[in-house]
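Me: I am new to this structure and would like a close look at a single part. Could you take me through it slowly and show how it sits in the whole?

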Amino acid sequence: MSKARPGLLLLALFALVALPALTGKFYVELVAKIMIMAVFAMSLDLLVGVTGLVSLGHAAFFGLSGYMLVLAAPDKYAAVSLWTSLPLAVAASALLALVIGALALRTRGVYFIMVTLAFSQMVYFVFHDTRVAGGSDGTYLYTKPQTNIGSWATFDLANSTHFYYAMLVLLILSLAFLRILLASRFGHALRGIRSNEQRMRALGFNTYAYKLAAFTIAGAIAGLAGYFSAVQFGFVNPEMLSWHQSANVLLMVILGGMGNLIGAIVGAFALVLTQDLFSSLTKHWLLLMGGFVIAAVMLLPHGLTGGGLAWRNRLRGARGG
Amino acid sequence: MDLHTFLIQLLNGVQYGLLLFLVSSGLTLLFGIMGIINVAHGSFYMVGAYLAWSLAGMLDSFWLALPAGIALMVLIGLLLEASLIKRLYDRDHLHQVLLTYGLILMFEETRSLLWGDDVHGLQIPQLLSASFPLTETLSYPVYRLWISAVCLGVAALMVWVIQKTRLGMMIRAGAANREMVESLGIDIRLVFRVVFAAGIALAGLAGMIAAPVSAIFPGMGNQVLIVCFVVVVIGGIGSVSGALVAALLIGFIDTFGKVFLPDYSGMLVYLLMAVILVWRPEGLFRQRAA
């Protein structure tokens, strides 16, 4: 695991805080979107990088939460309260993760990949084939959630600068929560499972319960990200929980480097910005994206943060003679 | 449901199941023998269907398009193995999933560049365009029976190659102990290349023969891929006979589900998978050796 350098992190944080003062609405909204994806990617890193569970169905929890926000509104013009709809949406994602995890964790390795993919696809079909929320067309959310506490007007989610800072706070809180989790006994047990599950079982750990807890927590945090993604775009459709979304977030994790959370954030920035660049170049940008993905897997197996580390070590080794 | 309708649905179930088997057998072999998880497998099914449509137009004959298409699929398989897939044998599943996902993006965009994003249909070849009359109003198309026959023929051929030939012996030995086979002077890399190309050709063949009875559309590969993953999970990874049983099971459940529970038929397949996971998490026919 790479040691995060506090200086660099502080600099990045400073840049993120200052960004709205320096640029226009376009970049503020783009970076807000990236920060949401970063939270989503960190939640997957808890599974893939920390616990060693490669899930290809993580978008199900992201998307379900977005749908819950839409379904929570009595009609699509009525604003719901953030403080009631957010816990509801996150709880729904956590519950779904608990159920899917309970079944999928009966398998391991390549089975786990296929089973998580298949179950998330089942959720996709629920929203795609039934008329629950607009079927394959998806549905609009015309009003942003209310954030008032009593009569106190806190912040306005419809204001892109307010929304940006709310997402920055969300990102920092999620990172802090996951850091504390990883430093705890629970986090060490998860790392132990990744390196040798047999040994952890022999030591008396109920590894199934640990993995299920990790899967559920990751699902809940993915739900957190999905909720705010739906808020930002004012729109949900089945693509939000498609397996392309799951593959996308997995790409962020590996592109940035697994297991250290910061890598997931770096990966989210790198992937979304690359997609943005490619899609501005040509209509057939997915061709470039495919090549980029293949090149990234081939050339940077440990991701941007991990690769940098290996490179630094090599330099240091060469200098030391 | 009267007897004739039941019979028609039964035959449809068998035909769909056998077609699924053709695609999933390649998937399960790639994993069982080479340890590769290939999420781009559905793309080869799609490429096969588009090739059949495009070649049949160019050559003006479905029967010429078929061998030409298979030859092209084998070529694509060989090139991919030699350029990318061979670098994945020692990587973990995560990298295999992502690299083959990159391939999906490339295949989809290439398809869009070459053939556009429209839905196409291919006419059933003249030779097999007849129907068996069952009653005065009901009949069953010969072409669908022919699909089932081709799939069964390929399945038999596959079993024969794997169980009875020298190549099959190398494949089985390579799956069990790679180093040992290599030390005996067998070029396992070549064997893997052949297996990969064969798996791709199987998926392509399935797409080609399915083209006349199903629409040819951009998302068709992904749709098949996910169902094939379910087939492989239920059948047990690496098991060809498991894939056959699971594919037929899913063929029946999907076909009859559409008749009896049309609103929920999309979910039945996954519910079946959930039940199997609770009952036998390793699948029905898990091969311990692979």
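Reply: Here is a walk that starts with one helix pair and then moves out to its surroundings.

Please keep in mind that this is a predicted model. Let's begin with helix 2 of chain A, which covers residues 25-51, and its partner helix 11 of chain A, which covers residues 262-281. What angle do their axes make where they cross? The axes of these two helices cross at roughly 135° and come within 8 Å. Since angles of 65 to 115 degrees count as roughly perpendicular and those over 145 as roughly antiparallel, helix 2 of chain A is therefore oblique to helix 11 of chain A. The crossing of helix 2 of chain A with helix 11 of chain A is right-handed.

Which residues bring the two helices together? From helix 2 of chain A come K33(A), I34(A), M37(A), A38(A), A41(A), M42(A) and D45(A), and they meet A264(A), I265(A), G267(A), A268(A), F269(A) and V272(A) of helix 11 of chain A. Sorted by class, the residues of this contact are 10 nonpolar, one polar and two charged.

Just along the chain is a residue worth a pause. L261(A) is in the loop that joins helix 10 to helix 11 of chain A. Although L261(A) is not a glycine, its phi is positive, at about 65°. Is L261(A) buried or exposed? L261(A) counts as buried because it has 28 C-beta neighbours inside 10 Å, and 20 or more are enough for that label.

For a contrasting setting, turn to D60(B), in the loop between helix 2 (41-59) and helix 3 (62-83) of chain B. D60(B) also has a positive phi of about 65° and is not a glycine. Here, though, there are 9 C-beta neighbours inside 10 Å, so D60(B) counts as exposed.

A third loop residue falls in between. T147(A) lies in the loop between strand 1 (139-140) and helix 6 (160-183) of chain A. With 19 other C-beta atoms within 10 Å, T147(A) is partly exposed. What does T147(A) touch beyond its neighbours within four places in sequence? Its contacts there are L82(A), T154(A), F155(A) and L157(A). As for L157(A), this residue is 10 residues away from T147(A) along the chain, and their C-alpha atoms are separated by 7.7 Å.

Now step back to chain A as a whole. Its secondary structure consists of 13 helices and two strands. The C-alpha trace of chain A spans about 65 × 50 × 45 Å along its principal axes. Its radius of gyration is 20 Å, which agrees with the value near 20 Å for a compact globule of 321 residues. Of those 321 residues, 45% count as buried. Among contacts in chain A with a separation of 6 or more, 78% link residues 24 or more positions apart.

Chain A also touches chain B. The contact draws 35 residues from chain A and 34 residues from chain B. On the chain A side, the elements that give two or more residues are helix 5 (109-129), helix 10 (243-256) and helix 12 (285-299). Which of them gives the largest share? Helix 5 of chain A does, with 14 residues. By class, the chain A side has 27 nonpolar, six polar and two charged residues.

Across that contact, chain B has 11 helices and two strands. Along the sequence, its pattern reads α-α-α-α-β-β-α-α-α-α-α-α-α. The radius of gyration of chain B is 19 Å, close to the 19 Å that the globule rule gives for 290 residues, so chain B is as compact as a globular protein of that length. Its C-alpha trace spans about 65 × 50 × 35 Å along the principal axes. Buried residues make up 47% of chain B.

To finish, here is a helix pair in chain B to set beside the opening one. Helix 6 (residues 166-176) and helix 8 (residues 188-210) of chain B pack at about 105°, and their axes are 10 Å apart. These two helices of chain B are therefore roughly perpendicular to each other. In their contact, M170(B), I171(B) and G174(B) of helix 6 meet I188(B), V191(B) and V195(B) of helix 8. This contact has five nonpolar residues, one polar and no charged residues.

Notes. Residues are numbered from 1 along each chain as its sequence is written. Chains are lettered from A and ligands numbered from 1 in the order in which they are written. This is a predicted model: local features need pLDDT of at least 70, side-chain atom pairs count only at pLDDT 80 or more; totals for chains, interfaces and linings use all residues. Two residues are in contact if their C-beta atoms, placed from the backbone, lie within 7 Å. Helices (H or I, at least four residues) and strands (E, at least two) are DSSP runs, numbered from the N terminus. Ala, Val, Leu, Ile, Met, Phe, Trp, Tyr, Cys and Pro count as nonpolar, Asp, Glu, Lys and Arg as charged, and the others, Gly among them, as polar. Axes are lines fitted to C-alpha atoms, for helices over the stretch in contact, and angles run from 0 to 180 degrees between N-to-C directions. Angles under 35 degrees count as roughly parallel, over 145 as roughly antiparallel, 65 to 115 as roughly perpendicular and the rest as oblique. A crossing is left-handed if the near helix is turned anticlockwise from the far one by less than a right angle, and right-handed if clockwise. The radius of gyration is taken over C-alpha atoms; the globule rule is 2.2 Å times the number of residues to the power 0.38. A residue is buried if 20 or more other C-beta atoms lie within 10 Å of its own, exposed if 12 or fewer, and partly exposed in between; C-beta atoms are placed from the backbone.
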